[in-house]
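Biologist: Please pick one part of this model and give me a close look at it, then work outward to what surrounds the rest. Plain words and cut-offs would help.

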Amino acid sequence: MWQSEHVRDRLAALYPQCSITILGMTTRGDQILDRTLSKVGGKGLFVKELEIAMAEGRADFAVHCLKDMPMDLPEGFVLAGIMEREDPRDAFVSNDYATLDALPAGAVVGTSSLRRQALITAGYPHLVIKPLRGNLDTRLGKLDRGEYAAIILAAAGLIRLGLRARIRAMIEPEQSLPAPGQGALAFEIQADRLDLQRVLAPLNHVESALTVAAERTLSRIFGGSCQIPLAAFATLEGDQLYLRAMVAMPDGSRVAVAEARGPASDPQALGLHIAGLLRAQGADEILAACKADIAAE
């Protein structure tokens, strides 16, 4: 809801003569909180109801966290723009410990992400990782009740909701590489709504759009979803994009990593190149093993 209100306010400033109404909705992803997303359908659980509302004419466009968007949209829908990215890093949140390094053996860490699970398990095999679902208030409440020694969240959500003070430490990309699109907001519209593309165009942030295009190209190649531990993070350096990526087993037992630079004018080519580097390290076999493990659970 914060995201929608933020976009409404930005549009109202651009078009003061325009009336903008928010259609609040609860999706399946919001309702199913007792299982991890990898076991109940993945990212599409957060967008299907919104797409139905657009198709039925009840809504004109939808605002999404880009990291929660499926890589391939249904026929007839497109992304109309990417807003300027918030801090893409993961955040360490704890009432008793300052950093991941400070956690004692056996400490319980909560996360909803297989990507974070893989990275933490690989670097901190003495910690216990347990699933964590729900909105931010729910997750922080579980931490405050002592169910977890620490939880790992996207920094962007905490910052947007005025909860920066809950962050004990930012986890740098070198330690926990972000998910594709993490920290970015996207607009989804019906493909034939050229009028909306023109209206939303001033909110598109070119640098953010370039970096997430490289990340999502890589993720699309590997069928990126909540069912695979995949990380990808690009930064713009002059006229070059620098892309780092990783795929891993959830237990951190097998990891493939790659990085490269390429022209910012062709982010898709850089994503394809990184995918090839990861495949040379057995990325396809790692992801096939991940999916087989999930299916067996």
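Modeller: Let's start where the axes of helix H9 (residues 206-221) and helix H10 (residues 267-280) come within 8 Å and cross at roughly 40°. That angle makes H9 oblique to H10; angles under 35 degrees count as roughly parallel, over 145 as roughly antiparallel, 65 to 115 as roughly perpendicular, and the rest as oblique. The axes are lines fitted to C-alpha atoms, for helices over the stretch in contact, and angles run from 0 to 180 degrees between N-to-C directions. Helices (H or I, at least four residues) and strands (E, at least two) are DSSP runs, numbered from the N terminus.

Some ground rules: this is a predicted model, where local features need pLDDT of at least 70 and side-chain atom pairs count only at pLDDT 80 or more, while totals for chains, interfaces and linings use all residues. Residues are numbered from 1 along each chain as its sequence is written, and side-chain values use heavy atoms, with hydrogens and water left out.

Back to the crossing of H9 and H10, which is right-handed, that is, the near helix is turned clockwise from the far one by less than a right angle (anticlockwise would be left-handed). On the H9 side, Leu210, Ala213, Ala214, Thr217, Leu218 and Ile221 meet a set of H10 residues that includes Pro267, Gly271, Ala275 and Arg279. Contact here means heavy atoms within 4.5 Å. Gly276 also sits in H10, and its C-alpha atom is 9.9 Å from that of Ile221, 55 residues apart along the chain. Gly276 counts as partly exposed because its relative accessible area is 39%; buried means under 20%, exposed over 50%, and partly exposed in between (1.4 Å probe, protein chains only). Over in H9 you'll find Val206, which is exposed at a relative accessible area of 56%. The C-alpha atoms of Val206 and Glu84 are separated by 8.1 Å, with their positions 122 residues apart along the chain.

Now the sheets. One is an open sheet of 5 strands in the order E5-E4-E6-E3-E7, with mixed pairing. Strand E5 (128-131) and strand E7 (169-171) are the edge strands, each pairing on one side only. Neighbouring strands in this sheet are turned by 30° against each other on average, direction ignored. Two strands pair if DSSP finds at least two bridges between them. Strand E4 (residues 108-111) pairs in the parallel sense with E5 over 4 bridges, with Val108 bridging to Val128. E4 also pairs in the parallel sense with E6, over 2 bridges, and there Val109 has Ala150 as its partner. Helix H5 (residues 114-123) packs on this sheet, touching E3, E4, E5 and E6, and its direction makes about 130° with that of E6. H6 packs on the sheet as well, touching E3 and E6, with its direction at about 160° to that of E6.

In a regular strand the side chains alternate between the two faces of the sheet. In E4, Val108 and Gly110 point one way and Val109 and Thr111 the other, and all are buried.

H6 (residues 136-144) deserves its own look. Its buried residues are Leu136, Arg139, Leu140, Gly141, Lys142 and Leu143; they pack against strand E3 (90-93), strand E6 (150-154) and helix H7 (155-160). At the start of H6, a side-chain oxygen of Asn135 reaches to within 3.2 Å of the backbone nitrogen of Asp137. After H6 comes Gly146, with a positive phi near 85°.

The other open sheet has 3 strands, ordered E1-E8-E2, with antiparallel pairing. Strand E1 (62-65) and strand E2 (77-82) are at the edges with a single partner strand each, so one side of each has no neighbour in the sheet. From one strand to the next, the twist averages 35°. E2 and strand E8 (residues 185-190) pair in the antiparallel sense over 5 bridges, and Phe77 has Gln190 as its bridge partner in E8. Helix H4 (residues 48-55) lies across E1, E2 and E8, running at about 40° to E8.

Last stop: Gln3, in helix H1 (residues 2-14). Gln3 counts as buried because its relative accessibility is 19%. Leaving out residues up to four places away in sequence, Gln3 touches Val63, His64, Cys65, Arg160 and Leu185.

Methods
Polar contact = N/O pair within 3.5 Å; in protein donor to acceptor, adjacent residues only side chain to side chain.
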